[in-house]
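Student: I should like a close look at one pairing within this model, followed by a connected account of the parts around it. Please proceed from the single pair to the wider arrangement.

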Amino acid sequence: MRSVAIKGVKEFEIKEIEEPKSDGYNVIIDVKKAGICGSDIHYWVSGEPIGLVMGHEYCGIVTDPGRRTDLKVGDRVTALPISPCGICHACLSGNPQYCIHTWDKATGLSLTNPGALAPKMAIRPDMVYKVPNNITDEEVAMTEPAAVGLHAVHLADVKVGNRVLVIGGGIIGLVSAMFAKMEGASYVAISETNPKRGEKAVQLGVADEWFNALDPEFSNKVVSRTYEGFDIVIECCGNAPAVTSSLTSVKTGGTVVLVGVSLEPITIPTVLAVMHELKVLGAIAYTKEEFRTCIELMANKRINMLKFLSKEIGLEDVQSAYQELTSGTSDSIKILVDPNK
Ligand SMILES: NC(=O)c1ccc[n+]([C@@H]2O[C@H](COP(=O)([O-])OP(=O)(O)OC[C@H]3O[C@@H](n4cnc5c(N)ncnc54)[C@H](O)[C@@H]3O)[C@@H](O)[C@H]2O)c1
Ligand SMILES: [Zn+2]
Ligand SMILES: [Zn+2]
């Protein structure tokens, strides 16, 4: 079957790969929609690993339920992409997201388990969730990024009246801002280097205001807006200037949650965290409960993920979609791929 695989630095190729075979264990699905994620962009930029078929956010139809006796052919599902061991301290404490094995065989993020940028895929049975009929395929494919934002906001422990700054207005930042508001934040701001994304965050109603991170007066403007700095900053970019601005924008004793990923080590002024006794937390993925909660929030119309959807494309257009998403000037947020197109 046709797939999109990493060929080199910022380069994909359309590649024939084997269709997944029934093995009585894995759930096999026909992929309907697959999301392009900011994390996928890091792999594409690095060009490694060659041959990786990405796509860890998706909606599909079961063609073989494998070991899942509660599923049947035709059920609509999504899944957590992770591969936790199930027996370590992290797994047994309900936190498979930081099990040391969780990314070894992650679907769409490892060479062993190709993702949803192909018409069919195999999924580890215990990660699969059947989804209700009243959410669209597109929404189902956005469960995963929703859960990332929910987890970050849970770790940030947002309280009613908190002032929250989100650095980066990609889907992860926007969803984090949305949940911070739902948790009762009195003021939510977004900082962006791309004015189109900053403006969109306000238009979509997830942020009260946006700040241009490239403005030489950025730090003064941001801090003066809250008198003494934000109670909470959620960093959703991962680069050095963005992480630095999270440390300069938070108030003394405040909380910074780092969600953004950098594949390379970066230099940041840790002295700010020391001098201001900041609580700096990392946030990775989500718990199974948070993933399930996001499905329920969409089904009960508590959140609208569709407003973040910018366009849908076929496999041939994946390369140009990545170019668009890294241009720094596009207002596209979530691009979904239909691997049958
Ligand atoms: N920790 C996790 O579990 C997890 C899960 C998913 C994604 N991520 C990471 O979160 C980050 C965001 O993901 P995304 O899908 O929203 O990515 P994205 O690339 O769509 O969004 C990042 C945004 O940050 C903006 N930006 C860049 N530098 C900035 C700066 N100095 N100040 C303000 N804004 C700046 C960019 O213009 C862009 O809009 C990525 O690094 C991704 O790898 C982490
Ligand atoms: Zn993702
Ligand atoms: Zn484990």
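**From one bridge pair to the wider fold**

Tutor: Glycine 60 has valine 77 of strand 5 as its bridge partner, in what is a predicted model. That pair belongs to a short ladder: strand 4 and strand 5 (residues 76–79) are joined by 2 bridges and run in the antiparallel sense. Strand 4 also has a second partner, since strand 3 (residues 27–35) is linked to strand 4 (residues 58–64) by 6 bridges, likewise antiparallel. Within this second pairing, isoleucine 28 faces aspartate 64 of strand 4. In general, the strands of a sheet are held together by backbone hydrogen bonds, in a parallel or an antiparallel sense.

The loop that connects helix 1 with strand 4 contains proline 49. The peptide bond between glutamate 48 and proline 49 is cis, with omega at about -5 degrees. A second backbone feature is found at glutamate 277, whose phi is near 45 degrees, a positive value although the residue is not glycine. Glutamate 277 lies in the loop between helix 9 (271–275) and strand 13. Both features stand out because most residues other than glycine have a negative phi and most peptide bonds are trans.

Strand 13 leads to another sheet. This open sheet consists of 6 strands in the order 10-9-8-11-12-13, with parallel pairing. Strand 10 (209–212) and strand 13 (279–282) each have a single partner strand and form the edges, so each has one side without a neighbour in the sheet. On average, and with direction ignored, neighbouring strands of the sheet are turned by 20 degrees against each other. Inside the sheet, strand 11 (residues 230–235) and strand 12 (residues 250–258) run parallel and share 5 bridges. Isoleucine 232 is found opposite threonine 255 of strand 12. Helix 7 (residues 218–225) packs on this sheet, where it touches strand 8 (163–167), strand 9 (187–192) and strand 10, and its direction makes about 155 degrees with that of strand 10.

The helices also pack on one another. Helix 4 (residues 143–156) meets helix 5 (residues 171–182) at an angle of about 50 degrees, and their axes are 8 Å apart. Helix 4 is therefore oblique to helix 5, and the crossing is right-handed. Helix 4 contributes Pro145, Ala146, Val148, Gly149, Leu150, Ala152 and Val153 to this contact, and helix 5 contributes Ile171, Ile172, Val175, Ser176, Met178, Phe179 and Ala180. By class, these residues comprise 12 nonpolar, 2 polar and no charged.

Helix 4 packs on helix 10 (residues 288–299) as well, at an angle of about 120 degrees and with the axes 8 Å apart. This crossing, too, is right-handed. The contact involves Thr143, Ala146, Ala147, Leu150, His151 and His154 of helix 4, together with Glu290, Phe291, Thr293, Cys294 and Ile295 of helix 10. Its residues divide into 6 nonpolar, 4 polar and 1 charged. Ala146 and Leu150 of helix 4 take part in both helix contacts.

Ile172 of helix 5 carries the account to ligand 1. Ligand 1 is surrounded by 33 residues, of which the closest are Gly38, Gly168, Gly170, Ile172 and Ala213. Several elements described above return here: helix 1 (38–46), helix 5, strand 9 and helix 8 (240–249) each provide at least two residues of the shell. Helix 1 gives the most, namely 4 residues. The shell as a whole is made up of 16 nonpolar, 15 polar and 2 charged residues.

Key: Residues numbered from 1 in each chain as written. Chains lettered and ligands numbered in written order. Predicted model: local features only at pLDDT ≥ 70, side-chain atom pairs only at ≥ 80, totals over all residues. Axes fitted to C-alpha atoms, helices over the stretch in contact; angles between N-to-C directions. Parallel < 35°, antiparallel > 145°, perpendicular 65-115°, else oblique. Left-handed = near helix turned anticlockwise from the far one by under 90°. Contact = placed C-beta atoms within 7 Å. Nonpolar A, V, L, I, M, F, W, Y, C, P; charged D, E, K, R; others polar. Pairing = 2+ DSSP bridges. Near = placed C-beta within 6 Å.
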